[in-house]
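Okay, thanks for making time, everyone. I'd like to walk you through one structure today, so let me put it up on the screen.

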Amino acid sequence: MSLRALSAARLRPLLGAALDTSPAYRGLADAVRLLVADGRIPAGTRLPSERDLTTALGVSRTTVSRAYAELRERGYLESRQGSGSVAVLPGDAAGRRAGAPLQPTTDQLDGPVIDLTCASMSAPPGTVAAYERALEQLPRYLAGTGYHPLGLPALREVLASDLTARGLPTDAEQVMVTSGALAGVAIAARALLSPGDRVLLESPTYPNAIETLGRSGARAVPLPMGVDGWDLDTAEATLRQTAPRAAYLVPDFHNPTGALMSEEQRSRLGRALGQTRTVAIVDETLVELAHDPGLAMPSPLGAHHGRTVTVGGASKTFWGGLRVGWLRAPRDLVPALVTARLTLDLGSPVMEQLVLLDLLAHRDTILPARREAVVASRDALVGALRTRLPEWRFTVPQGGLCLWAELPEALSTPLTVAADRRGVVLAPGPQFAVDGGMERFLRIPITGHAPEVVAEAVDRIALAWQDTVTSRPVGRRRSPLVA
């Protein structure tokens, strides 16, 4: 496999005002180092030659040579025979593995330990009533075996109708009910990927998906996400250079950045995926959680790219304990998905499918209350962060359950250690990185809990941040932020 290459023209706008620093070579070196550390230049990327970068930046050859030399000395650049200068990471001193899966706990946010690793909420009002009504429907299914590899026909019809209404024409025969959305990703990976295949993943992205796709033996190709979301120029170049077999994408309130891909971006990305014959595995688990009910949502990415497997689930919209998800696929891929599914399980629980059917029938009353709780939690989180940690930077998301904060210094992993001592469990930025980096970022879930509880969580995080900053090694130079 050839190395990913970053041209001088593509690198230049990423550097911001780096050359305004004196001496210029140090500003250039620091800017590139932070881009690599943050994952915006993935490890393994071939950087421009010194001559090309000198021309693009309009600086002396000495400036670029000294910057590259400093990057090599600090472990962020390697010179490889026949490959030129390649971005690398010097290693993770804290021992946290990039992409390690998140593990939900049973701790509650208002308990002695505040767990902020899981972007999910408690069950909405009306869940018990939904179970009671589902139990009344259960006897009609007891005479059968209980195995429904594709799912209950009635649920598949409703899911197909929902997708059609959103702009992706779908028949029930194209829908498979799974044991959660992550199980749907695992089924798609088993059906579509073989050892050695390349799979494109946004970086950062959902850690459990990184691990799930990696278990297929596929080679991950990171697609760096910027502070404003997707860089379509980079996406098109990466697809052309690597021609991945599949791409795992979260276009709707991306986990963890919260970004929403526009209709125009979806159309452009769909064309690029089609040109490389890449199958898209699109995670739509957060699509129902727009914070403003009047927000005009783009059509599904599958409407722009026919070779798309769309994944959905009930965990974020309703309740994680329900463990029901679904896949929507092109007709010719359904047999392979069914075969792959039968190697994992024989179907989702009938009772939970009936509960989801009932919840979907009552969503017009459930979702508004859900959004109200999420927005109240989001506003409390934003207000507390701006008061207690004003130097942290973030974009207020339009939907979803994540806030992606950029820290003033690359101390995400040490912060999680300090936070643990303060009674807050956090997931550091590197856990969401496909290929390392992200030490200047932290995901904070929007949990739907009461504002006073959210404020308490941020108070503890602020104390942990102060612990982290004051205990960093003496003489450590503050890392400049790059626009």
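Let's start with the cysteines. The sulfur of Cys 118 sits 9.8 Å from the closest cysteine sulfur, the one in Cys 402, and that's too far for a bond. Go from the other end and you get the matching answer: for Cys 402, the closest cysteine sulfur is in Cys 118, at 9.8 Å, again too far. A disulfide needs the two sulfurs within 2.5 Å, so the count for this structure comes to zero disulfides. As for surroundings, Cys 118 is partly exposed, at 31% relative accessible area, whereas Cys 402 is buried, at 3%.

I should say right away that this is a predicted model. The mean pLDDT is 88, and 92% of the residues reach 70 or more. Two stretches to treat with care, though. Residues 92–97 have pLDDT below 50, with nine contacts in the model beyond near neighbours in sequence. Residues 106–110 also stay under 50, and there the model has 10 contacts beyond four places in sequence.

Now step one residue back from Cys 402. Leu 401 is in the loop between α13 and β11, the strand that covers 402–406. Is Leu 401 buried or exposed? Buried, with just 1% relative accessibility, and under 20% is what counts as buried here. Leaving out neighbours within four places, Leu 401 is in contact with residues from several parts of the sequence, including Ala 119, Ser 120 and Met 121, then Leu 286 and Leu 289, and also Ile 444, Pro 445 and Ile 446. There's Ala 290 as well: 111 residues away from Leu 401 in sequence, but 9.6 Å away in space, C-alpha to C-alpha.

Hold on to Ile 444 and Pro 445, since they come back in the next part. How many cavities of 30 Å³ or more does a search of the whole structure find? Three. The largest has a volume of about 70 Å³. It is lined by 12 residues, and the closest to its centre are Leu 116, Leu 381, Ile 444, Pro 445 and Val 454. So two of the contacts of Leu 401, Ile 444 and Pro 445, are also among the residues closest to the centre of that cavity, if you follow the definition of contact as heavy atoms within 4.5 Å.

Where does the lining come from? α13 (363–388), β13 (441–445) and α15 (451–471) each supply at least two residues, and α15 has the largest share, with four. In character, the lining splits into 10 nonpolar residues, two polar and no charged.

Last stop, two more loop residues. Gln 174 is in the loop between α6 (153–165) and β4 (175–178). This glutamine is buried, at 8% relative accessible area. Its contacts beyond four places in sequence include Pro 169, and then a run that takes in Leu 327, Arg 328, Ala 329, Pro 330 and Arg 331.

On the other side of α6, Pro 149 lies in the loop that joins α5 (127–137) to α6. Pro 149 is partly exposed, at 29%. Among the residues that Pro 149 touches are Met 176, Val 177, Arg 341 and Leu 342. And Thr 339, 190 residues away along the chain, has its C-alpha 9.7 Å from that of Pro 149.

That's my tour, happy to rotate the view for anyone.

Definitions and conventions
Residues are numbered from 1 along each chain as its sequence is written. This is a predicted model: local features need pLDDT of at least 70, side-chain atom pairs count only at pLDDT 80 or more; totals for chains, interfaces and linings use all residues. Side-chain values use heavy atoms; hydrogens and water are left out. On a 1 Å grid over the protein atoms alone, a cavity is a set of points where a 1.4 Å probe fits but cannot get out, and a pocket is an open set with protein on both sides within 12 Å along at least five of seven lines; lining residues have an atom within 4 Å of a point. Grid points are joined across faces, edges and corners, and a volume is the space filled by probe spheres set on the points. Ala, Val, Leu, Ile, Met, Phe, Trp, Tyr, Cys and Pro count as nonpolar, Asp, Glu, Lys and Arg as charged, and the others, Gly among them, as polar. Buried means under 20% relative accessible area, exposed over 50%, partly exposed in between (1.4 Å probe, protein chains only). pLDDT is the predictor's confidence in each residue, from 0 to 100.
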